[in-house]
Structures are given as structure tokens and as C-alpha cells.
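Subject: Structure handover

Hello,

Here is the structure I said I would pass on. Please have a look at it before reading the notes underneath.

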Amino acid sequence: MSDSTIKVALIGNPNTGKTSLFNHLTGLNQKVGNYPGITVDKKTGTCKLSKTQKATILDLPGTYSLNPSSADEKIVIDVLNTPENDNYPDVAIVVTDVEQLKRNLLIYTQVKDLEIPTILVVNMADQMQSKGISINIPQLEADLKTKIVVISSKQKTGIDEVKEAIIEYKSLSTKRCIPAERITQNTITNTDLFTSLSKTELKKVQHRETIVRYQFINEALKKSYVVDRSKATDIQAKLDRVFTHKFFGYGIFAILLLLIFQVIFEWSNVPMDFIDGAFGALAKWTKEVLPAGMFTDLLADGIITGLGGIVIFIPQIAFLFLFIAILEESGYMSRVVFLMDKIMRKFGLSGKSVVPLISGAACAIPAIMATRNIESWKERLITILVTPFITCSARLPVYAILIALIIPNERVFWIFNWQGITLMLLYLIGFAIALLSAYILHKTLRIESKSYFVVELPKYKVPLLKNVAYTVVEKTKTFVFEAGKIILAISIILWVLGSVGVNDQFHNAESIVAESIEKNGFTKIQEVALKNKILRYGESLEEEYKEAGKTFDEEAMNDSIIKKIPEFKEELIEDEIAGMRLENSVLGTIGKAIEPAIKPLGYDWKIGIALVSSFAAREVFIGTLATIYSVGSEGDDESGNTIKAKMQAEVHSNSGKKVFTFATGISLLLFYAFAMQCMSTLAIVKRETNGWKWPMIQLGAMTVIAYVAGLIAYQFLK
């Protein structure tokens, strides 16, 4: 290699056209080998720059950053950060895609930190007009402190300009584009951090470094990079004009959401009914097979019922994540972010807040962590505080059971029914209260901050089945194993609390009930319950006749019913005993203690217990009720062997009126739409705001809003 040969390294993200540029520069003068000691391809070639000047071009593996997390990234950082390396370049060329400039510039700012003469090549210039993209090159060159060459690998334009820039590389600035003081711990220039810091600390340092780099990139692009989609002419642009239209865009988004929620209900019914029935049968079988006692009761009513309360909602949650993953994979979700930015601005937020808010529909915890890409502290804090209002997957089990209880499954229009529409309204209510709260916080919080919003619209593509399936499985596993552990643990604790008595009535419940019935007979409510049992048994016999193709025999049916009546009465007595024990247990005592406070909302002490326990996690509400009603409740026969049937049959002990009326159901739905009810979310808010001040304010405000909303709803509808 002669002294006049210039060593050039080609760097860039995958799919930016880096290899195409390499081929244009080197032609047939290429060699392929392995990096020393590593079986990764090393491509080099010779480029004739002029009659007297040559260059050796090294095509480095495509990588998104210089944070070495893969073998490819390690090669790149080793070459660029080691002047003694034979491949250390005289000049680096960072190749970028004109459509993905923001993302591609991250690695450019890292290369500049190494103070190597660097040329920025912006590829795919042929698409700029059709995409409506324009760049103020002199302004961007000034901000990035380098020479920029715009090329088209496809049309082979700009290649000669790249060669001229290589020849003139000594005139390039080697100054960093981001002042060193803005990145206090720089992993690019201080590689000792990789060994001196733990993995967790290193991730935090790299995260802070990335935020500063994107802040710089946003500031630079805001001045010189314009995407005017109204001037674009490609198919993507035509689709974007529809999906981001100021009227049609919102309408399409609303219809998509409505379809998704409707499908969640329609598709998940069959597997949910199967799971519900299977766990009910398993609990019943366990009681029949094992000897009666505390262990059997714990296994059947505590553990199996608690597990049922987790598994039954897997179909709905899996379908929700399926649709979110498809929207993200297809590229549509980015259009939603762009579209909603116009609305977010009015509430003191930006389009970047939409990602955490929409992610909040899955779980508030990762959603709040996703606020880290919001540069403005004020916008970030507001987003953190309002995100728990968005209907998360933990609310879905509560909504599903309450909607199924109080909203009729009647079709309204085409495939839509009242239940799907109600779920859609609950999501909209959560989103509306989040925006209203954001507006109030924006007007009241005295925090000075600046913000920028730059969004890239990725190309539309058919979602990859593998990626979608991975997302669905991982998110569902997170729900089952993270939330599920809490639900199961609390279900068992509740069963224990419901099985420990606080007075003589608990311990002598059997004799007290037997004496009362012997003296006074069944109460009116019990008489009604007995009639219901007989009626349901009669209906089941009729079904059996029909399924067996037999002629209906009224006399035989009456004989069968008469034989069953003592068994039904025994069940009623057992339920009465269980009810008395529950009422006089530790659990019942807690529920009764808060009953005066929740009675104006239409709730009894059993719902009170569920409210208290679900502070750990919203979905525990259903598991708690399942546990409570398994311990003692009327209606535990073949046709009513589900939590839904038990809730439908539940009545107030003093009035005999149903507990779960339309008014109570709406009150509970609104309470859970607004209440925090998630200790894990509080913990993550504490971590992200570095103190207990904001999580405590958030908890207090959300609880007050939830209580007032539930109170107004019940008092108005009862």
C-alpha cells in the first residue's frame, strides 16, 4: 500500500445503501475475508480517486450504534477507537437514509466524538421529491461540523462528489458536533466505563447519553430537515394523506379501535367460557376426591379459584396485545403518533406522549418507563401522572365481568353490540380524563422547559408473524407471571383471612344457623333461592330429555325434583353457614369497617373487601370476589357454577335486592376507570420522579376522582 493511499471506513445502519456505495466506489476491486480471530466478513476494496490518488475502502458491518452489544458492533468500535489497528481509517464515511435521517445520525454523532475526519453521505436522494423531503445542506453542515454529500446509489449520482470529499478529507473538522460537557459520562471516548460500571449502571449511562444525542439531533434537524407530506407523490404518501387526514384520520383510528374492542369480546368468549367451566369443574372435583378439611378448601377455593381468576383473562389480553403488535409492525402506530400530536399540543403535551399513553393500554409500568424519551421534564412529568388513567390490561378483567353482568349482549348495528360499545366508551373516558388532567397540570405546574417533536414515519409493511407472535407471547407471559403472582398470593391470603374467625358467631355458625332454621324456617330470600334451584334443575332435566331424544315425562321429572329438594335445602343451609362465617371472619370485619364510606356508592362489605385488596393490583378485584363467593354464597349448582353467576345471584342481606344492579355496575366501572389501584405503578412513578411526592399526589387525586365519579353515577342511576 503506497503512502498516498487513503484509508476509508464505511459506517452506517443496516439497509442505508452502505454496501451499494462500497460497490460503486470499488467496482471489481474487492476482497472478502475475516476479521482477525472473528468469523465475520471483512470487505475491502480499492477506489481510484484521481489519476494519482487511491483509497482503500473498508466496509464495516452495519450497526445502529457504537455501544458494543453484538460482535458486529464490537468490530466497528475496535476499528474506529484504536489508532494502532491496521484498519484505523484516515477518514470515516457515515452513510444514512434520507428517510431515516434522525435515527441514522445517532451513530454519526458517536463517530464524531472519536475526532476522526468524517463525511456524512445522505443516500436515496432520488426519493426526496416523491417523499416531500427537503434539506438545508449548508445549515446542516454547519450544525454537524462536516461535509455532507447527497447521493443516490440507485441512480449512481453523487459518487464523484464522494470521491472529491475523500481527497479533501484533511480539510474536514475533527471537532465533536456535541460539546463534550453535554455528555458527562461518554462511553464512546471513555471505554473504561465498560469495565468499571455494572451492567445496570452502564445501561443508565448509555441511556442518558442517547437522550442527549437525540436532543442535539432534534435541534439540528428542526432547522434544516423538512418533510412536507403534502408534496409527496408515492403510494406511502397517498396512504398517509388518508391516515393522517384531519378528519378521516381520526375517524379511521376510532373505527379501528371500535373493531378491535368488539373482536376482543367476540373472539374471547369461547375460550373464556371453556376456562371458566374447566376451573369450576376442577375445584368441584377436588372437593369430591380429597377428604373434607382446611387443606382441601384452601386448594379448591383458594388456589384453584385464584388461578382461574388469572387464566380466564388470557384470551382477552392476548387479543389486545395481538392488535397492538399488528398496528406497530405495520407502521400505522407511527401515523397515530403524528396524527395525535396536533391534539396533544392543546393539552401541553407532544406527539411523543402518545406512545406512553397508548402503551398504557397494555400496562402503565412500561408506559411510564417509555416517557424517558420525552426531553421536556414538564411534559414527561405530566405524561407520567396521567398515564394510569388510560385503560390498561389489568382493568380489562374488571370491565369484562362487570360489562357482562349489567350490559345486555344485544346487537346494535352490524357486528356491534352494547357490550363492545361500552368497553370502547370506557377506553375513551380514560383517554379523555387523561387529557383533561394533562391540561389542568399544564396550566398549574410552574416548570420551565423546552420541547421538540420530530417523528419518522416508517414504510408500511405487512407485519411479520414471528414478531407479532413474540410480542403477544412475551406480553401475555408478563401479565400471567408478574400480575398473576400477586393475584394468586392475594387470593390465598384472602381465603385465609376469610377462614379465620373473630368471634363466637364464626366458630358456632353451624349450630346458630341450624337453631334459627328449626325455629323460624327459611327466610323469604332463602325460599326464593330454593325456588330458583328447583327451576334451574327442572330446566336442566328438560335439556337432558331433548339431548337424549326422549319423550318428555312430567311425572318422572317431578319425582326427580322431589328427591333433589332435601339436597337443595342442605346446600342452602351450608351457604348460610358459610355466609355467617365469612361475615364474622377477619376479612368480613375489614369489609364492614369501610362499608359506611362506600355504601353511598352502592357497594356492600364484600365489594369493600375487593376494593381494599385490589389496591395491590386492579385485576385482584375479580379474584377476591371469586374467593369470597366460593367461601359462602347462594347459587352454587351446576348451572351457576361460575363467578359471573354468583355475582348475578348476590343480594343484600337486609333488603334482598340484588347487589350488582345497573347503577352499582356503572359506579364500579367508573371507580375502576379513574382509581390508581396499582401498587406497582406507584412504585415505578416513585422511581421515575425520584421521590414519594408525586406518587402520593397522584394516588390521592385519582382516588378522589374515582370516588366522586362512582358516587354521582350510583346516586343518579339507582
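The notes below go from the whole chain to single residues.

Please keep in mind that this is a predicted model.

Overall picture

The chain has 718 residues, and buried residues make up 50% of them. It holds 30 helices and 11 strands. The accessible surface comes to about 34,200 Å², and carbon and sulfur atoms account for 59% of that area. Of the contacts with a separation of 6 or more, 74% are between residues 24 or more positions apart.

An enclosed helix

Helix α16 covers residues 377–386, and nine of its 10 residues are buried, so the rest of the structure largely encloses it. Among the buried residues of α16 are the charged residues Lys 378, Glu 379 and Arg 380, along with Leu 381, Ile 382 and Val 386.

Salt bridges

Side chains of opposite charge can pair when their charged atoms come close. The structure holds eight salt bridges, and three of them are described here.

The first to look at joins the side chains of Glu 115 and Arg 176, at 3.7 Å from N to O. This pair links distant parts of the chain, 61 residues apart: Glu 115 is in the loop between α3 and β6, and Arg 176 is in the loop between α6 and α7. Glu 115 has a relative accessibility of 46%, so it counts as partly exposed. Arg 176 is partly exposed too, at 23%.

Another salt bridge is formed by Arg 213 and Glu 209, with the closest N and O atoms 3.2 Å apart. Both residues lie in helix α8 (residues 199–224), four residues apart, which is about one turn of the helix. Is this pair buried or exposed? Arg 213 is buried, with a relative accessible area of 0%, and Glu 209 is buried at 2%, where the cut-off for buried is under 20%. Asp 113 joins Glu 209 and Arg 213 in a network of salt bridges.

Lys 564 and Glu 567 also meet in a salt bridge, at 3.2 Å from N to O. They are three residues apart in helix α23 (residues 554–583), so about one helical turn separates them. Lys 564 is partly exposed, with a relative accessibility of 23%, and Glu 567 is partly exposed at 39%.

Aromatic rings

The count of aromatic pairs comes to seven. In one of them, the ring centres of Phe 243 and Tyr 332 are 5.3 Å apart and the ring planes are at 80 degrees, so the pair is edge-to-face. Phe 243 is in helix α9 (residues 235–243) and Tyr 332 is in helix α13 (residues 332–346); with these positions 89 residues apart, the pair links distant parts of the chain. Tyr 332 is buried, with a relative accessible area of 5%, whereas Phe 243 is partly exposed at 22%.

Phe 243 and Tyr 332 form one aromatic cluster with Tyr 460. Tyr 460 also has a charged neighbour: Arg 335 lies over the face of its ring, 4.0 Å from the ring centre. Elsewhere, the charged end of Lys 592 sits over the ring of Trp 605, at 5.9 Å from its centre.

Backbone angles

Most residues other than glycine have a negative phi. Which residues here have a positive phi without being glycine? Glu 115, from the salt bridge with Arg 176, is one of them, with phi near 60 degrees. Lys 156 is another, with a phi of about 55 degrees. Lys 156 is found in the loop between β8 (147–150) and α6 (159–167), and it is exposed, with a relative accessible area of 59%.

Surface patch

Val 412, Phe 413, Trp 414 and Trp 418 form a nonpolar patch on the surface, and together they have about 500 Å² of accessible area. Trp 418 lies in helix α18 (residues 418–444) and is partly exposed, with a relative accessible area of 41%.

End of the chain

Helix α30 spans residues 693–717 and contains Val 708, which is partly exposed at 39% relative accessible area. The C-alpha atoms of Val 708 and Ser 667 are separated by 9.6 Å, while the two residues are 41 residues apart along the chain.

Regards

Definitions and conventions
Residues numbered from 1 in each chain as written. Predicted model: local features only at pLDDT ≥ 70, side-chain atom pairs only at ≥ 80, totals over all residues. Heavy atoms only, no water. Patch = residues over 30% accessible without salt bridge, like charges linked within 9 Å, V, L, I, M, F, W, Y side chains within 5 Å. Areas by Shrake-Rupley, 256 points an atom, 1.4 Å probe, with all protein chains shown as cover. Salt bridge = Lys/Arg side-chain N within 4 Å of Asp/Glu carboxyl O. Helix = DSSP H or I, 4+ residues; strand = E, 2+ residues; numbered from the N terminus. Buried < 20%, exposed > 50% of the residue type's maximum accessible area, 1.4 Å probe, protein only. Contact = heavy atoms within 4.5 Å. Phe/Tyr/Trp six-rings, centres within 6.5 Å; stacked < 30°, edge-to-face > 60°. Lys NZ or Arg CZ within 6 Å of the ring centre and 35° of its normal.
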